[in-house]
Amino acid sequence: MQVIPAIDLRDGACVQLVGGSYADERVRIPNAPAVADNWARLGFGRIHLVDLDAATGRGSNWEIVRAVLAPRATKWIRREKCLRVQCGGGVRDLDTIAELLAAGASEVVLGTRAIEDRDFLEEAVSRYPNRIIVAADTRARLLVTRGWSETGTHNVIDFIDELSPLPLAAILVTAVEREGRMEGPDLTLMREIALRSTAPVQASGGVRGVDDLRALAELGVSAAVVGMALYTGALAPQTIIEEFPA
């Protein structure tokens with residue numbers, strides 16, 4: 001299993017929110033590109049980059065996204081460490097997908113529109129097979145959209161089944177109610193999804209320590225996206241990399 005540090009962008013900074021709430025910001029680091037380079041230096045092979053402002057309709061951090069994706073003075077780090085960047089947040093059209101991939105994203109993460117518009121999702125996957133990650137963000141097993149501000153009636157398990165025919169790079173499942181709280185992942189949900197999904201499954205939300213990562217690995221999860229536990233020091237990067245090499 002791979003461990004993927006999260007870089008969530010808000011007002012140009014790398015932040016960590018509890019439950020996705022803008023009112024509960026716990027971490028703020030002004031230089032997001034430097035954060036990405038630091039994760040590369042430490043030996044991580046992939047990061048998860050999300051424009052929170054674009055996802056919630058508050059604005060855009062496009063220039064910061066480009067700076068993270070683009071090779072700069074630290075190009076040698078990205079080349080030698082093979083750092084991959086899966087990127088999302090407010091991606092709702094094919095042109096944006098193309099733009100992100102051209103800018104250097106290894107995969108593009110689709111959320112709201114992928115859930116609400118099957119034709120769009122199928123067209124995106126047809127154009128970019130194995131380059132699209134679908135974000136199945138869930139609260140109490142119901143899909144949430146628009147930056148986690150709206151909870152629908154679509155059960156996440158049913159949605160996972162509907163994605164089975166598509167050549168996806170992965171399905172990212174975030175347990176929203178656990179995000180940023182470091183109270184442990186929803187192992188019951190992740191077990192069920194890992195058993196049903198035909199695509200690799202990435203888990204996000206609640207990781208507090210290495211035992212949680214081991215538990216997810218035992219379930220067959222392909223990757224864990226981790227934020228708060230890394231930024232607060234609850235998880236030591238070197239320990240993670242030694243046990244879960246990039």
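Q: What makes up the area that the protein exposes, and how much of it do carbon and sulfur atoms supply?
A: In this predicted model, the protein exposes about 10300 Å², and carbon and sulfur atoms supply 47% of that area. Of the 246 residues of the protein, 54% count as buried, where buried stands for a relative accessible area under 20%.

Q: Why is the protein called as compact as a globular protein of its length?
A: The protein has twelve helices and twelve strands. Its radius of gyration is 16 Å, which is close to the 18 Å that the globule rule gives for 246 residues, so the protein is as compact as a globular protein of that length. The C-alpha atoms, taken along the principal axes, fill a box of roughly 45 × 40 × 35 Å. Among the contacts between residues at least 6 apart in sequence, 66% join residues at least 24 apart.

Q: Why does His48 count as buried or exposed?
A: His48 lies in strand E4, which spans residues 46–51. Its relative accessibility is 7%, and the cut-off for a buried residue is under 20%, so His48 counts as buried. Leaving out residues up to four places away in sequence, His48 touches Ile4, Pro5, Ala6, Ile7, Gln86, Val109, Leu172 and Val225.

Q: Why does Ile241 count as buried or exposed?
A: Ile241 is found in helix H12, residues 237–243, and it has a relative accessibility of 13%. That value is under the 20% that marks the limit for buried residues, so Ile241 counts as buried. Although Ile241 and Val3 are 238 residues apart along the chain, their C-alpha atoms are separated by 7.9 Å. Not counting residues up to four places away in sequence, Ile241 touches Leu42, Gly43 and Phe44.

Q: Why is Arg214 put in its class of exposure?
A: Arg214, whose place is in helix H10, has a relative accessible area of 34%. Buried requires a value under 20% and exposed a value over 50%; 34% lies in between, and Arg214 is therefore partly exposed. With neighbours within four places in sequence left aside, Arg214 is in contact with Glu243 and Phe244. The C-alpha atoms of Arg214 and Ala36, 178 residues apart along the chain, are separated by 24 Å.

Q: How do you know where the buried residues of helix H9 lie around its axis?
A: The buried residues of H9 (residues 187–196) are Leu189, Met190, Ile193 and Ala194. Seen down the axis of H9, these buried residues fall within an arc of 125 degrees, so they line one face of the helix. The face turned away from this buried side carries the exposed residues Thr188 and Leu195. The buried residues of H9 pack against several elements, including E7, E10 and helix H10 (210–218).

Q: What puts the buried residues of helix H3 where they are around the axis?
A: In H3, which covers residues 62–69, the buried residues are Val65, Val68 and Leu69. They cover an arc of only 95 degrees around the axis, and therefore they are on the same side of H3.

Q: How do you know whether strand E7 is mostly covered or uncovered, and which strands pair with it?
A: Seven of the eight residues of E7 (residues 132–139) are buried, which leaves the strand mostly covered. At least two bridges are needed for two strands to pair. Strand E6 (residues 107–110) is joined to E7 by three bridges and runs parallel to it, with Val109 standing opposite Ile133. Six bridges join E7 to strand E10 (residues 170–175), again in parallel, and here Thr138 stands opposite Ala175. Strand E8 (residues 142–145) is joined to E7 by two bridges and runs antiparallel, with Thr138 opposite Leu143. E7 and E8 form a hairpin with two residues between them, and Ala140 in the turn has a positive phi of about 55 degrees.

Q: Which residues touch the most other members of the largest nonpolar core?
A: This core has 69 residues, and those that touch the most other members are Ile7, Ile97, Leu110, Leu168, Val173, Leu213 and Val226. Helix H1 (residues 32–42) gives the most to this core, with five residues. A second, separate core of nine residues includes Ala6, Val109, Ala135 and Leu172. In soluble globular proteins, nonpolar side chains tend to be buried together.

Terms used
Residues are numbered from 1 along each chain as its sequence is written. This is a predicted model: local features need pLDDT of at least 70, side-chain atom pairs count only at pLDDT 80 or more; totals for chains, interfaces and linings use all residues. Side-chain values use heavy atoms; hydrogens and water are left out. Buried means under 20% relative accessible area, exposed over 50%, partly exposed in between (1.4 Å probe, protein chains only). Helices (H or I, at least four residues) and strands (E, at least two) are DSSP runs, numbered from the N terminus. Contact means heavy atoms within 4.5 Å. The arc is that of the directions from the helix axis to the C-beta atoms. The radius of gyration is taken over C-alpha atoms; the globule rule is 2.2 Å times the number of residues to the power 0.38. Accessible areas come from the Shrake-Rupley method with a 1.4 Å probe; for residues, only the protein chains shown count as cover. A nonpolar core is a set of buried Ala, Val, Leu, Ile, Met, Phe, Trp, Tyr and Cys residues joined through side-chain atoms within 4.5 Å.
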